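Dear colleague,

Please find below the structure that I am handing over to you, with its sequence. My findings follow directly after it.

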Amino acid sequence: MKKYYQKHKLGTITLIWLFVIMEISIVVVTTVGILVQNYYQRRQAFSMISDYLSENTRRIDPHERINEYFIEWMDEIVDVEGASRKKEFCDNDKLRRIALSNPENFNEVSFVDRDGIIAYSSNPELIGTDIRKSTHLAPFACILEGEGSYSDPFSASPFTDSVKKAYVGTAFRDKDGFMLWGMDEEIYRRWILYRIITVTEYSKIGMTGYIINVDPEKKINCVTHRMKDVVGETFTVDSVLPEEEGAVKETICLLYGEKCYVGAVKTRDCYVIGAYPVAEAEQFRQQNNILFAVLFVIVLSAFFLVVFLMLRKHVIKGVEQTHASLNRITGGDLDEKVDVRGSVEFSELSSGINETVARLKDLIREEDERVKNELLNAKYIQESAVPGHFPPYPENKAFGLFASMNAAQDVGGDFYDFFMLNEDTLVIVMADVCGKGLPAALYMMHAKTLIKNFAERGLPVNKVAEEVNNKLCEDTSNDAFMFVTAWIGFLDIRSGVISYVHAGHTYPVLISNEVSFVQKEIDIVLGGFKGTQYERQEIRLQPGDSIYLYTDGVTEARNPDGKLYGDNRLLGFISDMAGDLNSEDRNDYCREACERILVEVKDFESDAGQADDITMMWIKYTGPVAG
């Protein structure tokens, strides 16, 4: 037998077994189907009734529908075509006219501002009311916290005398305040009863079935239109009514002279009864045919269990072995071999997978080499794009400078730059492109080139920022979502004044008589919005003062516990370090300061590793040189 299976394809083996099983299944299903048709007809009828009852009770539920009612009204009247017109309702007389002209819908309308105060109202007594201090209105504060609408939880029943005023709140589209609608008991009753009538009167189950709505006192509120003259004013068949709220009671009984499947559900305010004539159910023999088909599938599935056992031995086991090997391959084990030989197909499949994986390994190896070479070249290009020779201006004794850049990946988005605009002006730049990797590096080089080009045109620093921002917005795709945070400064080495633009970057640290952040105005990032205006700001360095620029890779470094290095820790470390730097040479002084900070951040990260690019620059101002 084993040799027989090995000589035939899987499709042939399966076809023989399925033919035998299906012949047996047809005989069994035909017999069983006839026996259960009556049961299915009963369950189908009650299921259809239950669906109609669920839809009916949902549509007449005042709590679900009252919010939708006023939201629809507000869409049509207050917020036409999505444009907020709430300012037009900041008028007590206008609100009073609205309430008077809509007596069938509501009799009170108020405007609640963002602080929860009723600023305007058709009811003068409510003006100035703080809703948070009102027993009935306090729950509406949830709208100020982001909810779209809210209605009084105590105004649920239109059938009692306990409700004197119902309120509904609907938020404006900008979420800055909301409209508060009030309706008295009479309006509320009319609205609920109107919903019951409109929902129930034209509802039917099947072709001749119907729905009855009965109040707690057994008085009939409404019935499907065709039964209006039959049911009378009071419902008398108490045996079909459930005792528990929300439960559906199913009964087969004589109702209004006709044998019916009857389902009834009790809500908070009423009973909803659905009746479906047995005679109509008997007419739909087609549904019994559907039942027969379903039962055939069920019984056939049972017989297919035998097929499953056979398939498991000759197919599924091989599939599972192949799947397990593929899981190991996709998990990274490219040395895994597939060796399933239960049939011709599995033998060919195993050989095909093994040949594919072997070729894939070769392609991955080739691609890894290519990517490594490209990233290495990109890294060299990026490093060459920023100044890397220190000290950069050994002959200029007015200042010392050192900068470093450590990318978290092979290439990154941080960059720094400095250059002499003329013999008296040093331009310094510290920036960070959102993102990492090669795209950020390319964007960085483009931004750096733009800054230098516009600075060399002689523009003031704020105009440089504006031109760079506009150019980045023009050159960047809307789908790229890239921008640059930057700090651009022009240092006048004669006066020590730095005129700068702070475009969304980290706060520089000023090292003078005390160590502090340069916390002034921050403008929006470069490349964010075209046409942005940037503010020119100034700080003055005294001889001996330093300024430290850095990217967020310093302050947002994390230790193994997930804690940030933070601004305060950085400020504290520089304060302790400032008086302990040993280098007398101005340039060596700057180098030592940056190297100490880098070591401090690396020690803080410890085993957590570097998660972001770390770039920094230290400039020490020694003052103009006489002569």
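In this predicted model, strand β11 pairs with strand β20 (residues 614-621) in the antiparallel sense, over 8 bridges. Strand β11 covers residues 399-406, and because 6 of its 8 residues are buried, the strand is largely enclosed by the rest of the structure.

Residue S404 illustrates this pairing. S404 has its place in strand β11, and its bridge partner in β20 is M616. M616 also appears among the contacts of S404: neighbours within four places in sequence left aside, S404 touches Y416, I614, T615 and M616. With a relative accessibility of 15%, S404 falls under the 20% limit and therefore counts as buried.

Two open sheets deserve a description of their own.

The first to be described here consists of 5 strands in the order β7-β6-β10-β9-β8, with antiparallel pairing. Its edge strands are β7 (220-223) and β8 (248-255), each of which pairs on one side only. On average, neighbouring strands of this sheet are turned by 25 degrees against each other, direction ignored. Strand β8 is joined to strand β9 (residues 258-266) by 8 bridges, and these two strands run antiparallel. Within that pair, I252 has Y261 of β9 as its bridge partner. Helix α6 (residues 185-200) packs on the sheet, where it touches β6 (210-214) and β7. The direction of helix α6 makes about 35 degrees with that of β7.

The other sheet is likewise open and has 5 strands, in the order β12-β13-β14-β15-β18, with antiparallel pairing. Here the edge strands, each pairing on one side only, are β12 (414-422) and β18 (537-540). Neighbouring strands of this sheet are turned by 20 degrees against each other on average, direction ignored. Between strand β14 (residues 484-492) and strand β15 (residues 497-503), which run antiparallel, there are 6 bridges. I488 finds its bridge partner in β15 at V501. Two helices pack on this sheet. Helix α11 (residues 437-455) touches β12, β13 (425-433) and β14, and its direction makes about 15 degrees with that of β12. Helix α12 (residues 461-475) touches β14 and β15, and its direction makes about 25 degrees with that of β15.

One further residue may be of interest to you. M183 lies in strand β5 (residues 178-184). Is M183 buried or exposed? Its relative accessible area is 1%, under the 20% limit, so M183 is buried. M183 and A166 are 17 residues apart in sequence, while their C-alpha atoms are 5.4 Å apart in space.

Finally, some values for the protein as a whole. Its secondary structure comes to 15 helices and 20 strands. Of its 627 residues, 45% count as buried. Among contacts with a separation of 6 or more, 62% are accounted for by residues 24 or more positions apart. The accessible surface comes to about 32500 Å², and 53% of this surface belongs to carbon and sulfur atoms.

With kind regards

Note on methods:
Residues numbered from 1 in each chain as written. Predicted model: local features only at pLDDT ≥ 70, side-chain atom pairs only at ≥ 80, totals over all residues. Heavy atoms only, no water. Buried < 20%, exposed > 50% of the residue type's maximum accessible area, 1.4 Å probe, protein only. Helix = DSSP H or I, 4+ residues; strand = E, 2+ residues; numbered from the N terminus. Pairing = 2+ DSSP bridges. Axes fitted to C-alpha atoms, helices over the stretch in contact; angles between N-to-C directions. Contact = heavy atoms within 4.5 Å. Areas by Shrake-Rupley, 256 points an atom, 1.4 Å probe, with all protein chains shown as cover.
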